Number of protein chains: 2
Amino acid sequence: MQTAAASFDALIKETAALVEAALDGFLPRREGPLGRVVDAMRHGALDGGKRLRPFLLIAAADMFDAPRARSVRAACAVEMIHCYSLIHDDLPAMDDSDLRRGRPSVHKAFDEATAILAGDALLTQAFEILAEPETHPDAAVRCALALELARAAGKAGMVGGQMIDIYAEHKTFDLAGIEELQRLKTGALIRFSAIGGGIVGQAGADAIAALAAYAEDLGLAFQIVDDLLDAFGDAEALGKPVGQDADMDKATFVKLLGAEGARDKARALVESAKARLARFGARAEPLKGAADFVFRRKH
Amino acid sequence: MQTAAASFDALIKETAALVEAALDGFLPRREGPLGRVVDAMRHGALDGGKRLRPFLLIAAADMFDAPRARSVRAACAVEMIHCYSLIHDDLPAMDDSDLRRGRPSVHKAFDEATAILAGDALLTQAFEILAEPETHPDAAVRCALALELARAAGKAGMVGGQMIDIYAEHKTFDLAGIEELQRLKTGALIRFSAIGGGIVGQAGADAIAALAAYAEDLGLAFQIVDDLLDAFGDAEALGKPVGQDADMDKATFVKLLGAEGARDKARALVESAKARLARFGARAEPLKGAADFVFRRKH
């Protein structure tokens, strides 16, 4: 287990480095006011933690022997969407967070107008990257990626989830309500990451359905662990304050299930996620490793 | 001339009604917090004035006999991008405008968080619409639309222009600087509208180049008229305050060229725009009418 974890950690780091280099290439520095928005995009998108979503996309695509030159581009698109959402969520009118990954959030390092525009530009560039022929020679594949990403990110996905989160913060959600919120707010993009890899690799419908089922379990486990870390984690390791959910009397998995109940549920979901990948045999080891990683992560 | 203007006015109204109905269909109302973001999107996107960009797209596509079912969808995508940019530009951190088209702007009618999310959702849905098979049976056409729209809207297009506008407000721009700002901030999306119609209609490269040249002249004329209306227009007809550019000591075409100089330049650009369409003969009448319309508009 120790060895499996260590070898997964090396793998996700290696993949993150590929994504970092590609994102850097997509965001070349410029002079003047146009340079300012690019600098803010770089602040929000580079040096960015685990890169779990890009890892899922690339690892899923690897199972179908998709060239890395393609999967890394699609991975950059999903990471740009993730980073734009963090920039906008951190704004004073939204979650009002001054810190992100232990550094000033974009509106603190720059200003609010620049943060709004940098988020808009990252969101737009994600679709630009997917539409470019370099992402896949078959335009139908590129369109399928853009369509699934737009659905995961839009009003019936991530944006809708953020809207519910803002307007439900002080309400008491039951377990079904909180699972629905999670499915939209964080689950949709994690689901896209896994199926996006299948799409880049031109996997069949059955394989893509298996990836979707894996990612749905994984996304829910991810959110439960997030709630556990907010309740019991280490602020320094997390790079953000803890205890915020309880301070806001927010309904969370920890509040509804208790610490042990939440941990048990996350563990069961991780096992279920891995079982969804049985059909892929040994080729699924990296995705199975990601499921274990989500459970044991400390930040 | 009176008759040509009247018949154009009827044509643009008729096209706007098609776009309005299609946008309404893309934004079905919902209950609960998800319904709130849709309501804000509807506030920002429906009942929306002239619909010049959709008109350009549909009129250009008509020249190549593209089915309206396709061109209206692409027109909705460009209008969603236009409307998202207005919602975000109106935010307190940006232009801080309480009024838009004589009604409260989205952050006044709802709140800032909802306005940010509604803008994000419209931006995302524009790409969702373009990627859907209903927009064109050939995925290469859909990808070309998404790619051109992303380039027009992103950091080297509209967002970049807004960034320059914010950081250059109190600077003295020369004519070249102001033309570059306009080319990015408003020109890129107008240019997309015209070439987008050509792409939907699978026009050849020469025809698309002619549409681009037309739209570049038209976009510049549009901005010069905007400056003239801000300096000399009627606040009630415009649905927004006038004299703001002068109050902010902003460099404008009126400030740099004088009222007569600006009017002469706009007139010359409109004539040049129309001349770019010579190859299309009588089929280009609607687009030529749009150029005249831009010059004579009062709001």
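**Helix packing, chain symmetry and selected residues**

In this predicted model, helix α10 of chain A and helix α14 of chain A cross in a left-handed sense. The first of these helices, α10(A), covers residues 205-232, while α14(A) covers residues 285-296, and the two pack with their axes 9 Å apart at an angle of about 15°. Because angles under 35 degrees count as roughly parallel, α10(A) is described as roughly parallel to α14(A). On the side of α10(A), the residues that take part in the contact are Leu211(A), Tyr214(A), Leu218(A), Ala221(A), Phe222(A) and Val225(A), and these meet Leu287(A), Ala290(A), Ala291(A), Val294(A) and Phe295(A) of α14(A). Sorted by class, the contact between α10(A) and α14(A) consists of 11 nonpolar residues, with no polar and no charged residues.

Helix α14(A) also packs with α3(A), and here the axes come within 9 Å and cross at roughly 160°. Since angles over 145 degrees count as roughly antiparallel, α3(A) is roughly antiparallel to α14(A). The crossing of α3(A) with α14(A) is left-handed. From α3(A) the contact draws on Leu52(A), Phe55(A), Leu56(A), Ala59(A) and Ala60(A), and from α14(A) on Pro286(A), Leu287(A), Ala290(A), Phe293(A) and Val294(A). By class, 10 nonpolar residues make up the contact of α3(A) with α14(A), which has no polar and no charged residues. Leu287(A), Ala290(A) and Val294(A) of α14(A) thus appear both in the contact with α10(A) and in the contact with α3(A).

In chain B, the packing of α8(B) with α9(B) was examined in the same terms, and the two helices pack at an angle of about 145° with their axes 7 Å apart. The crossing in which α8(B) passes α9(B) is left-handed. Residues Met158(B), Gly161(B), Gln162(B), Ile164(B) and Asp165(B) of α8(B) meet Leu181(B), Leu184(B), Lys185(B) and Leu189(B) of α9(B). The residues of this contact between α8(B) and α9(B) fall into 5 nonpolar, 2 polar and 2 charged.

The loop that lies between α8 (158-168) and α9 (175-200) of chain B holds Phe173(B). With a relative accessibility of 19%, Phe173(B) counts as buried, since the cut-off for that class is under 20%. When neighbours within four places in sequence are left aside, Phe173(B) is in contact with Ile164(B), Ala168(B), Ile178(B), Leu181(B), Ala251(B) and Leu256(B). Of these partners, Ile164(B) and Leu181(B) are also listed in the contact between α8(B) and α9(B). Along the chain, Phe173(B) and Ala235(B) are 62 residues apart, and their C-alpha atoms are separated by 26 Å.

A further buried residue of chain B is Ala126(B), for which the relative accessibility is 0%. Ala126(B) is found in helix α6 of chain B, which comprises residues 112-131. Apart from residues up to four places away in sequence, Ala126(B) touches Ala77(B), Met80(B), Ile81(B) and Leu149(B). A distance of 27 Å separates the C-alpha atoms of Ala126(B) and Arg297(B), which are 171 residues apart along the chain.

Two residues were considered for their backbone conformation. Most residues other than glycine have a negative phi. Arg51(A), although not a glycine, has a positive phi of about 60°, and Arg51(A) is located in the loop between α2 (32-45) and α3 (52-62) of chain A. At 3% relative accessibility, Arg51(A) counts as buried. Asp65(B) likewise is not a glycine and has a positive phi of about 60°, and the place of Asp65(B) is the loop that lies between α3 (52-62) and α4 (68-90) of chain B. In contrast to Arg51(A), which is buried, Asp65(B) counts as exposed, its relative accessibility being 56%.

The relation between the chains was then described. Two copies of a chain are related by a rotation about an axis and a shift along it. Here a turn of 180° and a shift of 0.0 Å along the axis lay chain A on chain B with an RMSD of 0.0 Å, which is the relation of a two-fold axis. Both copies use the same surface, in that 100% of the contact residues of chain A recur in chain B. Among the residues of chain A, Ala139(A) comes closest to the rotation axis, with its C-alpha at 2.7 Å.

Conventions
Residues numbered from 1 in each chain as written. Chains lettered and ligands numbered in written order. Predicted model: local features only at pLDDT ≥ 70, side-chain atom pairs only at ≥ 80, totals over all residues. Heavy atoms only, no water. Axes fitted to C-alpha atoms, helices over the stretch in contact; angles between N-to-C directions. Helix = DSSP H or I, 4+ residues; strand = E, 2+ residues; numbered from the N terminus. Parallel < 35°, antiparallel > 145°, perpendicular 65-115°, else oblique. Left-handed = near helix turned anticlockwise from the far one by under 90°. Contact = heavy atoms within 4.5 Å. Nonpolar A, V, L, I, M, F, W, Y, C, P; charged D, E, K, R; others polar. Least-squares fit on C-alpha atoms with pLDDT ≥ 70 in both. Buried < 20%, exposed > 50% of the residue type's maximum accessible area, 1.4 Å probe, protein only.
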